[in-house]
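Please consider the following protein chain, with attention to how its strands are arranged and how its charged side chains are paired.

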Amino acid sequence: WWVEIVLVNNNKVAAAHPIHQHGGWYWVVGEGQFEIDINSTYIKHLDQNCTAKKNCLPRNFDNPPPKDTIQVPPGGYAIIRTKLDNAGTWIFHCHINYHVTIGMAMVLQTGEQRDWWTGHLNRNVNVPCETPPPPPGGGPTTIYWFYGMENAERCVTPGMTVTFNWVNKAHNVNIMKKADYDSCYVKGYNNAAAVGDHNWIAPMVPGTYYFACGRFPSIKIPKGIGYHCLHGGMKAKIHVRSVCP
């Protein structure tokens, strides 16, 4: 199924209106402009003033351009057709900010709620965000360093930069002994908050290096266990090799 909308810009001395549709493309099947004053009644009359009494304005169905924004010309019109294959409620508006604030916008509803409802979102509760995969070949890489992440693992070649990326002054990065890394024992390491980013240059000596956030060491038994490391997943294992898979 398709829906056709005829957009009319009745002011021949104003700017063209960039009309944008969310939720999918439309196809521009017709467009025209006049040197006389027009309105929607006039355009509707022209579109019915033929033997067929409908679709009298020229329409191109052979190779119409697909767009999500069209400039409706001053003193003119545009005919668009949207395929109804993406159920939902989609805003349809002029892309001049002031025009939106004074009401040049509407919502297109495609289908019914049962068509776009995807069910309860409980399945997404407390699921760690995915960390983007590293680049192939052992090049420079970034680890997004945040509470709730999955433990990161990377392979880089000697001399490459590993960037631990975070924004707020809430975390830090410590290079650690393997035993401390495994248990998240951060006593004796840096426990103060710092502002990211933190860059680490891979040494020329191949090996596996261990990192963790040292924030909030426990004061109860077992003492010295880092909360962000243990509960927030803020650990990274970096392999430095001459060749990375």
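A residue is called buried when its relative accessible area is under 20%, exposed when that area is over 50%, and partly exposed in between. The model under discussion is a predicted one, and this classification serves for the charged residues described below.

One may begin with helix 4, which spans residues 178–183. Here D182 and K178 form a salt bridge, with 2.8 Å between the closest N and O atoms. The two residues are four positions apart in helix 4, so about one helical turn separates them. D182 has a relative accessibility of 45% and therefore counts as partly exposed. K178 likewise counts as partly exposed, because its relative accessibility is 45%.

Other charged residues are linked through shared partners: salt bridges join E4, D47, R59 and R81 into one network. Side chains of opposite charge can pair when their charged atoms come close. In total, five salt bridges are counted in the model.

Within the network, which residues does R59 pair with? One partner is E4, whose salt bridge with R59 has its closest N and O atoms 2.8 Å apart. R59 belongs to the loop between helix 1 (40–48) and strand 4 (66–67), whereas E4 belongs to strand 1 (residues 2–9), so this pair ties together parts that lie 55 residues apart in sequence. R59 counts as buried because its relative accessibility is 15%, while E4, at 27%, counts as partly exposed.

The side chain of R59 also meets that of D47 in a salt bridge, at 2.9 Å from N to O. This pair links distant parts of the chain, twelve residues apart, with R59 in the loop between helix 1 and strand 4 and D47 in helix 1. Both R59 and D47 are buried.

The description now turns to a sheet. Four strands form an open sheet in the order 10-15-14-12, and their pairing is mixed. Strand 10 (152–156) and strand 12 (174–176) are the edge strands, each of which pairs on one side only. Neighbouring strands in this sheet are turned against each other by 30° on average, with direction ignored.

At one edge of the sheet, how do strand 10 and strand 15 pair, in the parallel or the antiparallel sense? Strand 10 pairs with strand 15 (residues 235–240) in the parallel sense, and the pairing extends over five bridges. Within this pairing, E153 stands opposite K237 of strand 15.

Notes. Residues are numbered from 1 along each chain as its sequence is written. This is a predicted model: local features need pLDDT of at least 70, side-chain atom pairs count only at pLDDT 80 or more; totals for chains, interfaces and linings use all residues. Side-chain values use heavy atoms; hydrogens and water are left out. Two strands pair if DSSP finds at least two bridges between them. Axes are lines fitted to C-alpha atoms, for helices over the stretch in contact, and angles run from 0 to 180 degrees between N-to-C directions. A salt bridge is a side-chain nitrogen of Lys or Arg within 4 Å of a carboxyl oxygen of Asp or Glu. Buried means under 20% relative accessible area, exposed over 50%, partly exposed in between (1.4 Å probe, protein chains only).
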